[in-house]
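Good morning, colleagues. Please turn to the sequence and the structure on the screen, and I shall take you through them region by region.

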Amino acid sequence: MNEVDLHMHTTASDGTHPPAHNVRMAKAAGLYGIAITDHDTVAGVAEAVQAGLELDVLVVPGVEISTVADGRDIHILGYYIDIHNEQLLTRLQQLRNTREHRNALILDKMNELGIPITMEEVTTLAGKSPSGDETIGRPHIAEVLMNKGIVSSISEAFDRYLGSNGAAYVNPPRITPYDAIDWIKEAGGAAVVAHPGLYGDDLLVERIVLYGADGIEVFHSDHSPEEEAKYLKMANKLGCFVTAGSDFHGSRNGQTYHAPIGARRIGANVLEQLQGKK
């Protein structure tokens, strides 16, 4: 069966591999296709599409949009979006501006906790400018913490400082998941609720789907078999599509963040379903 992995990140956001490298890894994993879904940017899509043409790997243009609902970070995946849509590009820039502000607030909290870390250190490690069309995220901050010996792993950095229960966590106002669904559809795409098992609020997930999300990412590297069974049942009940994604970010200091490309996959027939919802 032709299979696809519809959730992964590149150096355009907080992944550690360039887009073309992701495509090569997908080819090695025996995948028919992938989606490039960087956080709040489509800057890595064109390179991946070109590599896909050369390596005979289908590349779906995508994005993962950061939102907040009921005080929770909620991510909405967009597929088959028009990556040249000017309105979408302007909106994504606004989200990156919010992300830049959030990073600064996190570093302020770090300094208040007596942990010396600067934005220059983060941007140098990330190898990009915070004002560009690529994004800098919490994994970059986590890697600086690791390099300084403050934590021993990415997971420890999130548990102690950067996650929702961490000492330096901040969550500035952002758009809602409902806004993100509208944005994706206005750019010609299909909207899917990313990794619902991470939110701890299944009623909220249902409300987002009922509002207009086209699918649920049932199969995800952070979902247990029980959670996957639960969300498969939810998707069937709500009549929405089922997708799968590794959420590959690459490795930092030898530790893979989420899972390798292809760790979660699904039949390529889902692509026809997603395109049909545009």
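The side chain of His 223 comes within 2.9 Å of the backbone nitrogen of Gly 197. I should say at once that this is a predicted model. His 223 itself sits in the loop that runs from β6, residues 215-220, to α9, residues 225-238. Is His 223 buried or exposed? Its relative accessibility is 4%, and because the cut-off for burial is under 20%, His 223 counts as buried. Beyond its close neighbours in sequence, meaning those within four places, His 223 is in contact with eight residues that I shall read in order: His 195, Pro 196, Gly 197, Glu 217, Val 218, Glu 228, Tyr 231 and Arg 264.

The name to carry forward from that list is His 195. This residue belongs to another loop, the one between β5, residues 190-193, and α8, residues 202-211. With a relative accessibility of 5%, His 195 is also classed as buried. Which side chain makes a polar contact with that of His 195? It is the side chain of Glu 64, at 3.4 Å. When neighbours within four places are set aside, the contacts of His 195 include four further histidines, namely His 7, His 75, His 220 and His 223. The acidic residues Glu 64, Glu 217 and Asp 247 complete the list.

Several of these residues lead us into the sheet, to which I now turn. The sheet is open and has eight strands, in the order β7-β6-β5-β4-β3-β2-β1-β10, and its pairing is mixed. Its edges are β7, residues 241-245, and β10, residues 266-267, each of which pairs on one side only.

Let us begin at the β7 edge. β6 and β7 are parallel partners, with five bridges between them. His 220, which I named as a contact of His 195, has Gly 245 in β7 as its bridge partner.

Further along the order we reach β4, residues 72-79. How many of the eight residues of β4 are buried? Seven of them are, and the strand is thus mostly covered. On one hand, β4 is joined to β5 by four bridges in the antiparallel sense, and within that pairing Leu 77 stands opposite Val 192 of β5. On the other hand, β4 is antiparallel to β3, residues 58-69, with eight bridges joining the two. Here His 75 of β4 faces Ser 66. His 75 is another of the contacts of His 195 that I listed.

β3 and β4 together form a hairpin, with two residues between the strands. Asp 70 lies in that turn, and its phi is positive, at about 55 degrees, although Asp 70 is not a glycine. Asp 70 is exposed, with a relative accessible area of 52%, and the cut-off for that class is over 50%.

A second residue of this kind follows β4. Tyr 80 is not a glycine either, yet its phi is positive, at about 60 degrees. Tyr 80 occupies the loop between β4 and α3, residues 86-112. Where Asp 70 is exposed, Tyr 80 counts as buried, at 12% relative accessibility.

Now a word on one helix, α6, which covers residues 154-162. Its buried residues include Ile 154, Ala 157, Phe 158, Tyr 161 and Leu 162. Why do these five residues lie on the same side of α6? They cover an arc of only 110 degrees around the axis, which puts them on one side. The general background is that an α-helix has 3.6 residues a turn, so residues three or four places apart point the same way.

Let me close with the chain as a whole. There are 10 helices and 10 strands. The C-alpha trace spans about 50 × 40 × 40 Å along its principal axes. The radius of gyration is 18 Å, which agrees with the value near 19 Å for a compact globule of 278 residues. Of those 278 residues, 56% are buried. Among contacts with a separation of 6 or more, 71% are between residues 24 or more positions apart. Finally, the accessible surface amounts to about 11,200 Å², and carbon and sulfur atoms contribute 49% of it.

Thank you for your attention.

How values were computed: Residues are numbered from 1 along each chain as its sequence is written. This is a predicted model: local features need pLDDT of at least 70, side-chain atom pairs count only at pLDDT 80 or more; totals for chains, interfaces and linings use all residues. Side-chain values use heavy atoms; hydrogens and water are left out. Buried means under 20% relative accessible area, exposed over 50%, partly exposed in between (1.4 Å probe, protein chains only). A polar contact is a pair of N or O atoms within 3.5 Å; within protein, one must be able to donate a hydrogen and the other to accept it, and residues adjacent in sequence count only if both atoms are side-chain atoms. Contact means heavy atoms within 4.5 Å. The arc is that of the directions from the helix axis to the C-beta atoms. Two strands pair if DSSP finds at least two bridges between them. The radius of gyration is taken over C-alpha atoms; the globule rule is 2.2 Å times the number of residues to the power 0.38. Accessible areas come from the Shrake-Rupley method with a 1.4 Å probe; for residues, only the protein chains shown count as cover.
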